Amino acid sequence: MTTPIRPTTIADLESLVGEELGPTSWHTLIQDDINSFADLTNDHQWIHVDEERAAAGPFGGTIGHGLFTLSLGPGFMEELMAFDGFAHSLNYGYGKVRFPQPRPVGSKVRMRATVSAVDARGTGSAQVTTTQIFEAEGIEKPICVAESIGYFTEHNADI
């Protein structure tokens, strides 16, 4: 596990543009978590929750929801970057999200992130775009690639 970096200014964030952070620690996908995610989102598609049918399906077993993997991003980011140096940091959303490869039950996933852009939004505030790449152990392609967008505001910023 890596020690999170601790930026406290927009200039600190700007200095990170192009730098890869990570990887994070591994997260193992278990069927109980898939089922819980299905219950929370009401997405009970058989490929995720019907173990018997999925065993005969295209992947030889159940796969995790792509959005389940994406939802690990904020927690993984906290392993890579501490946000407590700012008055607040807000998740604004995502630009582009892709799921190039399914994530089979039992697989381990971790994330690497690269700060792609820091765009000033007034004195002491910025929109920060981070490219997140989720990789599964033993799988060549990423299982998720996402452009995460957040707003960061320094303490005592003129907003």
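User: How much space lies in the largest pocket?
Analyst: This is a predicted model. Rolling a probe the size of a water molecule over the atoms shows where empty space is left. For the largest pocket, that space comes to about 280 Å³.

User: Which element supplies the largest share of the lining of the largest pocket?
Analyst: The lining has 17 residues. α6, β4 (88–98), β7 and β8 (144–158) each supply at least two of them. The largest share is 5 residues, and it comes from β8.

User: Which class do most residues in the lining of the largest pocket belong to: nonpolar, polar or charged?
Analyst: Among the residues nearest the pocket's centre are Met-77, Phe-83 and Phe-152. Met and Phe count as nonpolar. Across the whole lining, 1 residue is charged, 6 are polar and 10 are nonpolar.

User: Where do the buried residues of α6 lie, seen down its axis?
Analyst: Helix α6 spans residues 73–80, and its buried residues are Gly-73, Phe-76, Met-77, Glu-79 and Leu-80. Their cover includes β1 (20–21), β2 (27–28), α5 (66–71), β6 (108–120) and β7 (123–136). Seen down the axis, the buried residues fall within an arc of 150°, so they line one face of the helix.

User: Which element gives the largest share of the lining of the second largest pocket?
Analyst: This pocket has a volume of about 190 Å³. Its lining has 15 residues, with His-48, Gly-64, His-65, Gly-66 and Leu-67 nearest the centre. α2 (31–41), β3 (63–64) and α5 each supply at least two residues. The largest share, 3 residues, comes from α5.

Definitions and conventions. Residues are numbered from 1 along each chain as its sequence is written. This is a predicted model: local features need pLDDT of at least 70, side-chain atom pairs count only at pLDDT 80 or more; totals for chains, interfaces and linings use all residues. Side-chain values use heavy atoms; hydrogens and water are left out. Buried means under 20% relative accessible area, exposed over 50%, partly exposed in between (1.4 Å probe, protein chains only). Helices (H or I, at least four residues) and strands (E, at least two) are DSSP runs, numbered from the N terminus. The arc is that of the directions from the helix axis to the C-beta atoms. Contact means heavy atoms within 4.5 Å. On a 1 Å grid over the protein atoms alone, a cavity is a set of points where a 1.4 Å probe fits but cannot get out, and a pocket is an open set with protein on both sides within 12 Å along at least five of seven lines; lining residues have an atom within 4 Å of a point. Grid points are joined across faces, edges and corners, and a volume is the space filled by probe spheres set on the points.
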